[in-house]
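Student: Before we look at the model, could we go through the terms used for it one by one and ask what each rests on?
Tutor: Yes, let us do that with the structure in view.

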Amino acid sequence: MEVDPHDDVSGSGPTAAAPPPLRHAWDALGTGAALLLDGAELVRIGLPMRAPVGTAAGTHRSRPLLLVHLRCRIAATGVVVDGWGECAALGDTTYDAEDVDDAWDTLGGILVPALGGAARSLGGLLHSLGAVQPLAALAPGRPLAFAALEAAVADAHLRASGGSFADLLGVPGAEVAPGAVVGTAPSPEDLVAAVASRAAEGYVRVKVKIGPGADVDMVGALADWAAAAEESCTGNVPRLQVDGNGAYGPGDVDHLARLDPFRLLCIEQPFARDDLASHRRLAERIDTPVCLDESLDGPVAVVDAVASGACSVVCVKPARLGGIGNALDVVAWCQAAGVPWWVGGMFESGIGRRVTTVLGALPGSTLPGDLAPPAAYLTTDLVPPAAQRTDPASATMRVAVWDGPGLAPVPDAAVLEALGARHAVVPLG
Ligand code: MG
C-alpha cells in the first residue's frame with residue numbers, strides 16, 4: 001500500500017473540505033440544542049488494581065484517575081444535565097508526556113477556564129463539539145487533557161439530547177469480542193498459565209507484554225502452547241500479540257526478528273516513540289505486522305508513520321490521539337487507506353472503557369481491541385459492569401456496547417467518596 005504523507009487526514013485540519021460522516025456528526029453534536037454551563041470541577045481518585053501489571057517499563061499497582069465534571073442546564077427547559085469526561089493520563093510519563101498531575105494542571109489552569117470563557121462570550125452557552133476542538137491549540141502536546149475536556153462536553157450534549165454515543169456512530173445494540181492484556185511473567189510456564197486462563201475466560205486475543213530478557217523464549221513457549229491447543233481442539237485458542245512498550249533499542253532489530261515465526265497478530269511498539277527508523281527496519285525484516293501505539297499522538301503522526309513504512313497496523317487510542325474527534329478521523333483515514341486498526345486500552349475505568357468499546361464496534365475494526373471489562377484489572381469500578389455473555393459456538397466472550405444516554409453511565413457518587421475522591425472547583429475563566 002502506498003500512502004502519500006501529504007494526503008489529508010480528513011477533518012483533521014482547517015483545510016478539510018469534506019469531513020467523513022462520523023466526524024461530521026461528532027462536530028455537529030450540540031448544535032441547535034444549547035446548554036448553559038453553570039460550573040466545573042475536577043475529581044481525582046485512585047482505583048486499586050486487581051493484581052500488579054508488569055510491563056517492560058515498570059509495574060502498575062493502582063490506577064490514578066482524573067475526571068472532568070461539568071454542570072449544565074438545557075437552555076430551553078432548565079433541566080439539569082451533567083457531563084463527565086475521564087482523563088487517560090497515568091501516574092507517570094512512561095508512555096505519554098502527560099501524567100495525571102500534569103493533566104490536572106492543564107485542565108484546571110488552561111482548558112476548563114478557556115471553555116468557560118468561550119461559553120461566557122456566547123451568553124453562557126456551551127459550544128458544539130466542533131467549536132470546542134480549537135481549544136486543543138491552547139494546550140499543545142497535551143492530547144490526554146484535551147480529550148477529557150472534549151469527552152465531558154460530549155457527554156453533556158448527548159445526555160441533553162437523550163442519545164448515546166453508540167446511536168451517534170450507528171452501532172447501538174452491537175457487541176465486541178474483546179482482547180486481554182497479560183503483563184510480564186517470571187517464567188514461560190507462568191506466562192502460559194496466565195494466557196491459558198484468559199483463553200478459558202473467552203478472550204479472542206491475548207496481548208503479552210515483552211521486554212529485553214523476557215521475549216523470544218517466553219513467546220516461543222506460548223506459541224507452542226497455542227499450537228498444541230489448536231491441534232487438540234480444546235476450546236478457545238486466542239490469537240497472540242506482543243507489546244514492547246518502547247523497551248528496545250536500535251540494535252535489537254535482529255533479535256526481535258526471531259519473533260517472526262510465532263504467527264503473532266502484530267508486534268506492538270518495540271522501540272521508542274520517536275524511533276520510527278528502527279520500526280521501519282524491523283518491518284522490512286519480518287512478515288509479522290509492526291503496530292505503533294505510543295508514537296501515534298495525533299492524526300498527522302498516524303499518516304507519517306504509515307507512510308514511512310514504520311507502521312502497518314494502527315492502535316487507535318482516542319485519548320492519545322487528542323480526543324474522540326481525532327480518533328474518528330484516524331479511523332476514517334485507515335478505512336480509506338486500507339490500513340488495519342484496532343482500539344487500544346489505557347486501564348480505563350468503566351467510563352472510559354464504554355467509550356473505547358463503542359469505537360471498537362465500528363465496522364472495519366477487524367482486530368480485537370484491548371476492551372476487557374474493567375473488572376479484569378480493577379477491584380472497584382465507578383459504574384456498573386457492561387453486559388457480557390459467552391458465544392456458545394466459539395466459547396468466546398462478547399461485551400455489549402453502551403447505548404444509554406451520554407458517553408457512559410454517570411459515576412457512582414458513593415463509590416467516588418468511598419475512594420476518597422478529591423474535588424476541586426474550577427473557575428470558569
Ligand atoms: Mg501498547
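Student: What makes strand β11 count as covered on both faces?
Tutor: In this predicted model, V313 and C315 on one side of β11 (residues 313-316) and V314 and V316 on the other are all buried; buried means under 20% relative accessible area, so each face of β11 is covered.

Student: How do you know that β10 and β11 are paired strands?
Tutor: Pairing requires at least two bridges between the strands, and two bridges join β10 (residues 290-292) to β11, so the criterion is met, with the strands running parallel. At one position C291 stands opposite V313 of β11.

Student: What makes β11 and β12 a pair?
Tutor: Three bridges join β11 to β12 (residues 341-343), which satisfies the requirement of at least two, and these strands also run parallel. Within β12, V343 is the bridge partner of V316.

Student: Which helix lies between β11 and β12 in their β-α-β unit?
Tutor: Helix α11 (residues 324-337) joins β11 and β12 in a right-handed unit, while β10, helix α10 (residues 299-308) and β11 make a right-handed β-α-β unit as well.

Student: Why are D243, E268 and D293 called donors of the magnesium ion?
Tutor: A donor atom must be within 2.8 Å of this metal, and the OD of D243, the OE of E268 and the OD of D293 lie 2.1 to 2.4 Å from the ion, so they qualify. E268, in strand β9 (residues 267-268), and D293, in the loop between β10 and α10, are 25 residues apart, and both are buried.

Conventions. Residues are numbered from 1 along each chain as its sequence is written. This is a predicted model: local features need pLDDT of at least 70, side-chain atom pairs count only at pLDDT 80 or more; totals for chains, interfaces and linings use all residues. Side-chain values use heavy atoms; hydrogens and water are left out. Buried means under 20% relative accessible area, exposed over 50%, partly exposed in between (1.4 Å probe, protein chains only). Helices (H or I, at least four residues) and strands (E, at least two) are DSSP runs, numbered from the N terminus. A crossover is right-handed if, with the strands pointing away from the viewer, the path from the first strand over the helix to the second runs clockwise. Donors are N, O and S atoms within 2.8 Å of the metal (3.2 Å for Na, K and Ca); water is not among the atoms, so sites may look incomplete.
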